[in-house]
Amino acid sequence: MPRGDPGYGVERREARLAWWMVSPALAAIVVVALFPLAWTVWESLHLHDLRMPWLGRPFIGLDNYLEAFGDPRFQAALGHTLLFAAVSVTVELALGTVLALAMNRAFTGRAVMRASVLVPWAMPTVVSGLLWKFMFDGDAGIANAALVKVGALNEPIVWFIRTDLAWVPVILADVWKTTPFVALLLLAGLQNIDRSLYEAARIDGASAWRQFRFVTLPLLRPAILVALIFRTLDAFRVFDLIYVMTGGGPGTSTEPIALYTFNSLLQYLRFGYGSALSVIVFVVTFALAMIYIRYLGSGITETRA
Amino acid sequence: MTGEVGERGRWAAIPVFGLILATAFPFYWAIASSLTPESQLFRAPRLVPRTLVLDHYRTLFVERDFWVPIRNSLVVAGTTTLFCVTVGALCAYALARLRFRGKVPLLGLILAVSMFPQISVVSPLYLLLRALHLINTYPGLILPYLTFAMPLTVWLLVGIFRQLPAELEEAAMVDGASRLRAFREVVIPLALPGLATTAILTFVYSWNEFLFALSFTLGPERQTVPVAIALLRGQYQVPWGQILAGSIVATVPVALLVLAFQRRIVQGLTAGAVKG
């Protein structure tokens, strides 16, 4: 400590100032995030249907949760979310690793590279969803035209009316938008690896593959884990992309859990049931987030850099 | 970076070139299509369009009043950003530099709130805003936006303040300046680039937000840009030309902001490792 050992009064004054500085932001977080979250939990224990106001808001315990776990549409939505998360995150991590390794090489055109990483990340998800929907839309969309031209398809496919094929443009759009971001996180991890380790490995006669397998991969693990958790968190909450691309359709065959929750709340106006679904999404996300926070734990407690 | 371009660096050109091409093509296609007359839009697509027209942009702004969602987005994202950066800077400075009990749990809380799924607070926020008659108003969007923008700003700024050398403000305090004065006159000017980066990131997240804007607005008069684009409907068919024109208009401001500050944004993103 540069200022020597501070007296008790100084410490007290510093703590008081700190709480004074923290309080406006903390108040905002309590009012707009913590209090609503508690309200969601309370709401989920009640029957609250805005279409049937005469029923009031009676306490029904865990009935909403019991209903959710027996609700086929909820189970399907959970399945869609897991499918979407598993496929898109796997593809993004694999492609992101390759890209990060490539970007880490001394290479001209870093500015162009950074631009093509940042712009898809920065644009609204709604827009990237609509771009990919447009490319796959109708008989004469560019995707169909290209696939027919190279001979991959005999005739154009109407992608969005097939319960299985509708996922293809959705996952492509997600991969397109977020792989660059994954690559960026992994690139930061790569740049932290001490280069002398590679020299040592080379002197020992390690091949490029063995260098990757025994130096790069183990040291990149933390960055891969962070990217993995971030992407899984995001994929689990997917809403914008599917809302604009398929609307959950055809039928409800691409409806993820966040969209089903949204529909229960604002379309069917079932606030009690919708809140129970919200709590379930929250619990799952929170569990994932806790893993992440534990992982970064050392960084949080470190008070001075 | 070492300068070993040589043969070991050459294979790297392929994925990077692929990335640039894969990123650029959908943009090119959207821009080209937004300038293509409606009648040609769904006839056998041509990589290089034959005729370019501004019809879709004209319809969008003249008939559809696309100025309104742009104004709404600017007001909502701008106010959210200003408020969060001001209030968040105070909070972040205390968390980065001052010693007090409860700091570590507070940091954990802020990080946890930054990972809240938005959908988990839609129902109470809707009921709350309805009770306060704030549905379909600017405050009715700005307040919900604080749920993600405030923790994001605080978290990024804590990282930025920690990176600044403590000696300068300590010297100012030895010279008799109070903690707050040192903060205002020494720390803030030093942290300006970091504050700007944080403001840009907060603005981008607010500009792009969709779920709250969809849930808490009722009509075109308060819809933000992403909602307005997503809900564009034609009489008989999907008005793709206008949707693409709107998409370009929605992307240009954030793309320019991010590109202008790209180096710093990349640092901010990877250091704070904020959500994608």
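Here's a quick walk through this two-chain model, from confidence to the contact between the chains and a few odd backbone spots.

Housekeeping before we start. This is a predicted model, so local features need pLDDT of at least 70 and side-chain atom pairs count only at pLDDT 80 or more, while totals for chains, interfaces and linings use all residues. Residues are numbered from 1 along each chain as its sequence is written, and chains are lettered from A and ligands numbered from 1 in the order in which they are written.

Okay, confidence. The model scores ipTM 0.90 and pTM 0.90. For chain B the mean pLDDT (the predictor's confidence in each residue, from 0 to 100) is 88, with 94% of residues at 70 or more. Where does pLDDT stay under 50 in chain B? That's residues 1-5, for which the model has seven contacts beyond four places in sequence; a contact here is two residues whose C-beta atoms, placed from the backbone, lie within 7 Å. Among the elements of chain B, helix α1 (residues 6-10) has the lowest mean pLDDT, 57, and helix α11 (residues 211-215) has the highest, 97.

On to the fold of chain B. We get 14 helices and zero strands; these are DSSP runs numbered from the N terminus, helices being H or I with at least four residues and strands E with at least two. The C-alpha trace of chain B spans about 75 × 65 × 30 Å along its principal axes. Of its 276 residues, 47% count as buried. By that I mean 20 or more other C-beta atoms within 10 Å of a residue's own, against 12 or fewer for exposed and partly exposed in between, with C-beta atoms placed from the backbone. And if you take contacts in chain B between residues at least 6 apart in sequence, 77% join residues at least 24 apart.

Now the interface. It takes 89 residues from chain B and 86 residues from chain A. On the chain B side, helix α2 (residues 13-34) gives the most, with eleven residues. By class, that side has 63 nonpolar, 18 polar and eight charged residues. The classes: Ala, Val, Leu, Ile, Met, Phe, Trp, Tyr, Cys and Pro are nonpolar, Asp, Glu, Lys and Arg are charged, and the others, Gly among them, are polar.

One helix pair across that interface: α4 (residues 110-122) of chain A packs on α13 (residues 240-260) of chain B at about 140 degrees, axes 9 Å apart. The contact is made by A:Ala115, A:Leu118, A:Val119 and A:Ala122 on one side and B:Val254, B:Ala255, B:Val258 and B:Leu259 on the other. That divides into eight nonpolar, no polar and no charged.

Back inside chain A, look at A:Ala85 in helix α3 (residues 72-104). Why does A:Ala85 count as buried? Because A:Ala85 has 20 other C-beta atoms within 10 Å. Beyond its neighbours within four places in sequence, A:Ala85 is in contact with A:Thr232, A:Ala235 and A:Phe236.

Last, the backbone oddities. The peptide bond from A:Gly249 to A:Pro250 is cis, with omega near 0 degrees, and A:Pro250 is in the loop between α10 (240-245) and α11 (257-267) of chain A. A:Leu269 isn't a glycine, yet has a positive phi of about 60 degrees. With 16 other C-beta atoms within 10 Å, A:Leu269 is partly exposed. Over in chain B, B:Asn136 also isn't a glycine and has a positive phi of about 65 degrees; B:Asn136 is in the loop between α7 (122-131) and α8 (139-163).

Note on methods. Axes fitted to C-alpha atoms, helices over the stretch in contact; angles between N-to-C directions.
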